[in-house]
Amino acid sequence: MDNLALVKKAIEARQNAYAPYSNHRVGAAVECEDGSIFLGCNVENCALPLGDCAERVAIYKAVSEGHTQFKKLAVVTGNEEISPPCGACRQVIREFCKDLEIIVANPNQKIKIFTLKELLPNSFGPEELKKGQDE
Ligand code: THU
């Protein structure tokens, strides 16, 4: 799927954002290796730390349906300036991808493209645990 089409999916996902506390509404769309697309939005909670980000919701939906290979991820916020994924989401993406194209956009479809490697350099991934296990 081209970048703009994936951004449009994230804009669609953003419509379901449940963000009554921050009012910061976020949508995400992840494209899997087989072409399937999973959408996510942020879901907040009155017990504030329980809220989750749009990117993680999209990734967890995909993983829970058996998809762990990703091609790219689009994220849309309402910010005029581009607002890339938070650190926790970067690490969750890293669990499944050493690198990934991350397309960040605003609702006017202003787009900036990042790579996971750029957003999370020298990252800690699943391979590290395998290397570091005690006997
Ligand atoms: N949020 C996301 O959905 N993705 C991010 O990468 C950053 C933050 C959400 C979480 C919370 O609901 C709101 O934005 C304010 O932090």
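This section describes the sheet, the packing of helix 2 and the surroundings of His 67 in a predicted model.

The sheet is open and consists of 5 strands in the order 2-1-3-4-5, with mixed pairing. Strand 2 (37–41) and strand 5 (111–115) occupy the edges. Each of these two has a single partner strand, so one side of each is left without a neighbour in the sheet. From one strand to the next, the twist averages 20°. Strands of a sheet pair through backbone hydrogen bonds, either parallel or antiparallel. Strand 1 (residues 26–32) and strand 3 (residues 70–77) adopt the antiparallel sense, and their pairing extends over 7 bridges. Within this pair of strands, Val 30 is placed opposite Leu 73 of strand 3.

Two packed helices are described by the angle between their axes and the distance between the axes. For helix 2 (54–64) and helix 3 (residues 87–96), the axes come within 9 Å and cross at roughly 25°. Because angles under 35 degrees count as roughly parallel, helix 2 is roughly parallel to helix 3. The crossing of the two helices is left-handed. On the side of helix 2, the contact is made by Glu 55, Arg 56, Ile 59, Tyr 60 and Val 63. Helix 3 contributes Ala 88, Cys 89, Val 92, Ile 93 and Phe 96.

The buried residues of helix 2 are Ala 54, Glu 55, Arg 56, Val 57, Ala 58, Ile 59 and Ala 62. Among the elements that cover these residues are strand 1, strand 2 and strand 3 of the sheet, together with helix 3. Glu 55, Arg 56 and Ile 59 thus appear both among the buried residues of helix 2 and among the residues that make the contact with helix 3.

Just after helix 2, Gly 66 takes a positive phi of about 95°. His 67 lies in the loop that runs from helix 2 to strand 3. The relative accessibility of His 67 is 19%, and this residue counts as buried because the cut-off is under 20%. The side chain of His 67 is joined to that of Ser 36 by a polar contact of 3.5 Å. When neighbours within four places in sequence are left aside, the residues in contact with His 67 are Cys 32, Asp 34, Ser 36, Phe 38 and Ala 62. Of these, Cys 32 belongs to strand 1, Phe 38 to strand 2 and Ala 62 to the buried residues of helix 2.

Note on methods. Residues numbered from 1 in each chain as written. Predicted model: local features only at pLDDT ≥ 70, side-chain atom pairs only at ≥ 80, totals over all residues. Heavy atoms only, no water. Pairing = 2+ DSSP bridges. Helix = DSSP H or I, 4+ residues; strand = E, 2+ residues; numbered from the N terminus. Axes fitted to C-alpha atoms, helices over the stretch in contact; angles between N-to-C directions. Buried < 20%, exposed > 50% of the residue type's maximum accessible area, 1.4 Å probe, protein only. Polar contact = N/O pair within 3.5 Å; in protein donor to acceptor, adjacent residues only side chain to side chain. Contact = heavy atoms within 4.5 Å. Parallel < 35°, antiparallel > 145°, perpendicular 65-115°, else oblique. Left-handed = near helix turned anticlockwise from the far one by under 90°.
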